[in-house]
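Here is a short set of exercises to work through with the model open beside you. Take them one at a time, and try each task before reading its solution.

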Amino acid sequence: MSAMPIVLPSNRDENWKYANLRALSRARFEPVPAPEAAQLKDIAARLPAVLPGYGRLVLVDGHYVAELSTAAAGFSITQDVDTHEKPGADQRFANLNRRFRQGTCRIAVPANTALALEVICVATASSHPALDITLSHGAKLQLIERDWSAQNDHATLVNLHLVAQVGDYAKLELARIGHHGAKAQALDTLELQLGTSATLKLVQLIQGALVSRSTALIEHVGREASLEWHVAALGEGTQHHDAFVHVTHTAPGTRSLQCFRGIAEDRSRVAFNGRMRIEPAAVGTQTDQSLKCLLVGHEAEADVRPQLEIYTDAVKASHGATVGKLDPDVLFYLLSRGIPPATAESILKWAFVSDVLAKLPSPELHAQVAAALERQLPGAATRALS
Amino acid sequence: MLIIKDLHARVGDRKVLDGLNLEVPAGQVHAIMGPNGSGKSTLAYTLAGRPGYELISGSVSYQGRDLLTLAPEARAQAGLFLGFQYPVEIPGVNNVYLLKAALNAARKHRGEAEVDAFEFLTLVREKMKVMQMDETFLSRGVNEGFSGGEKKRNEILQLLVLEPSLALLDETDSGLDIDALKVVAHGVNTLRSPNRAIVLVTHYQRLLDHIQPDRVHVLARGRIIRSDGPELARELEARGYDWVLNEAA
């Protein structure tokens, strides 16, 4: 391949200000062979139970694995490699994905039909999953996308690229859950476009990986398109989680909501940079940003940055950003009810992210996520879901 | 049940309790009244172990144990319950979860197994009837969006579920209308027992019309300056605090 070299972004770039680029620069991008049968057997034994009502697609290191998948309709796998690299710092990891992906998983939902799918992207070493989603007029897709480290102690790299065209009057409900190992590096780039009266509701849980960077580029191109973006990030140890969401409103009467809840413990760093741009034609647009972080640990760091760029009149735009610690009055209230300090803290941390996690689409997924969080939020997770 | 001897305590730089003595035997209800800023809430918080309420000297014996050496949660597990004047809101933690977690913490302390789910719900529903609370309160965040009266009912609901040995109720009557006051008082009265002591911190006689105290104490300038029977509350209601402050001076 005679492709041009890809230069990684730098922290001088405003959209990458909070990213851990030093760690990302050490990531090794290389082609990944298809998994062996023995590996697949091991992976199959450790995958979560299939969610009722959902078909399942499994990609291992970006390779589609038919024998671990249950979905029969609504998707196709093509081996084409997308060579249309795009310019700009926000596209650099997407471009790397384009170079290293092992085909593209295409999900197309025909007009006025509904589909529920779970896509599990398993990583054993380095993985470059690619999802290309198209919802036709009035279609509905409930998609759960999970990133799964095959081994907790392996230094895995995931660099996912997800593109979605949400057609007119279509509805995409996207839940994204990170089940990364302790040494994992997780990168993703999402490019989403919403048509007229299209709706997109995202719920994302970022946790587990040593370093993560999530880049989302969303455009409301159709009138009255609507977006809800709910993200919870849990950092511990020396983890570094950074999310950047850029929403562009180009059509009138569009709406978007960003809700971020981040908890930074120990020496971890959690960041959310939410940028909303309202173009001159986007008259009557409404936006709301609620970005909150909780610091639990003297050396933890949290950055929340709401940004609004408004180029028209007659818009409603509100934003709020806070970084704080556990409320000592609330903590004492729980202690005064006999609840031990560690449990009380865990309950309050769970409560802090609960309004995001409550948006998860199925009770079974709730239970699986709670179990995954049990180590970091002991006791509270499973009980809070009951 | 509770013996406080020469208790001195401060909040920040301000000394609030200044040689307080009080004895509350099991089976009795005591009311503590006093002017604003006299140290009533400080006493309640100091006994419950709230951070920032610092002991200077003195002792507090609860069921023969040194209460002040225990962590706040250990005091609660040992059977002390503080009913807050201003109960906090905890969005994201539902009422039923808090009740169950608190009950199980107490049971664990007593060496008992966690409460069975069916048994727990039966118990909570029974207590909610006493407090005339709708079951929808169970699934709501703790005190989240509750009115002042609903918060106080919720405090007493917790009290009824946890059945502590010693209840300190800090101005439980504040913010209650007449009907809610009767419900709250009824809830407290159902808990009266020979093995339990109740301390009511209040400004007003009206609560004591519904919960008959065995003793009434006047707390002023950080110490108990007068103790008497229930008639003292009526006299305070009629005459105010000046006369008793002057007598103590």
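A residue counts as buried if 20 or more other C-beta atoms lie within 10 Å of its own, as exposed if 12 or fewer do, and as partly exposed in between. Keep in mind that this is a predicted model.

**Exercise 1. Decide whether A:Q151 is buried, exposed or partly exposed, and find its place in the chain.**

Solution. Start with the neighbour count: 17 other C-beta atoms lie within 10 Å of A:Q151. That number falls between the cut-offs of 12 and 20, so A:Q151 is partly exposed. Next, locate the residue: A:Q151 belongs to the loop that links β8 (140-149) and β9 (157-166) of chain A. Finally, look at A:A123, which is 28 residues away along the chain; its C-alpha atom is 8.3 Å from that of A:Q151.

**Exercise 2. Lay out the ten-strand sheet of chain A and find its edges.**

Solution. First, trace the strand order, which is β2-β1-β5-β8-β10-β12-β14-β16-β18-β20 in chain A; the sheet is open and its pairing is mixed. Then go to the two ends: β2 (63-64) and β20 (316-324) of chain A are the edge strands, each pairing on one side only. Now take one pair from within the order. β10 (171-179) and β12 (199-207) of chain A run parallel and share seven bridges, and A:K171 has A:T199 in β12(A) as its bridge partner. Last, add the helix: α5 (341-357) of chain A packs on this sheet and touches β12, β14 (226-235), β16 (255-265) and β18 (286-296) of chain A. The direction of α5(A) makes about 155° with that of β16(A).

**Exercise 3. Describe the overall build of chain B.**

Solution. Begin with the secondary structure: chain B has ten helices and twelve strands. Its radius of gyration is 18 Å, close to the 18 Å that the globule rule gives for 249 residues, so chain B is as compact as a globular protein of that length. Then consider extent: the C-alpha trace spans about 55 × 40 × 35 Å along its principal axes. As for burial, 46% of the 249 residues in chain B are buried. A last step concerns contacts between residues at least 6 apart in sequence: 72% of those in chain B join residues at least 24 apart.

**Exercise 4. Explain why β6 and β12 of chain B each have one side without a neighbour in the sheet.**

Solution. Write down the order of the open six-strand sheet: β6-β9-β10-β3-β11-β12 in chain B, with mixed pairing. β6 (80-83) and β12 (223-228) of chain B stand at the edges with a single partner strand each, so one side of each lacks a neighbour in the sheet. From strand to strand, the twist averages 20°. For a pair in this sheet, take β3 (29-33) and β11 (215-220) of chain B, which run parallel and are joined by four bridges. There, B:H30 stands opposite B:R215 in β11(B).

**Exercise 5. Follow helix α6 of chain B to its neighbours.**

Solution. On the sheet side, α6(B) lies across β6 and β9 (166-170) of chain B, and runs at about 170° to β6(B). Its helix neighbour is α3 (95-109) of chain B: α3(B) and α6 (148-162) of chain B pack at about 35°, with axes 10 Å apart. The crossing is right-handed. From α3(B), the residues that meet α6(B) include B:L99, B:A102 and B:L103, while those in α6(B) include B:Q158 and B:V161. Sorted by class, this contact has six nonpolar, three polar and no charged residues.

**Exercise 6. Work out which elements of chain B touch chain A.**

Solution. Count the contact first: 21 residues of chain B meet 20 residues of chain A. On the chain B side, α2 (72-77), β7 (90-94) and α3 each give two or more residues. The largest share, six residues, comes from α3(B). By class, the chain B side has 16 nonpolar, three polar and two charged residues.

Definitions and conventions: Residues are numbered from 1 along each chain as its sequence is written. Chains are lettered from A and ligands numbered from 1 in the order in which they are written. This is a predicted model: local features need pLDDT of at least 70, side-chain atom pairs count only at pLDDT 80 or more; totals for chains, interfaces and linings use all residues. Axes are lines fitted to C-alpha atoms, for helices over the stretch in contact, and angles run from 0 to 180 degrees between N-to-C directions. A crossing is left-handed if the near helix is turned anticlockwise from the far one by less than a right angle, and right-handed if clockwise. Two residues are in contact if their C-beta atoms, placed from the backbone, lie within 7 Å. Ala, Val, Leu, Ile, Met, Phe, Trp, Tyr, Cys and Pro count as nonpolar, Asp, Glu, Lys and Arg as charged, and the others, Gly among them, as polar. The radius of gyration is taken over C-alpha atoms; the globule rule is 2.2 Å times the number of residues to the power 0.38. Two strands pair if DSSP finds at least two bridges between them.
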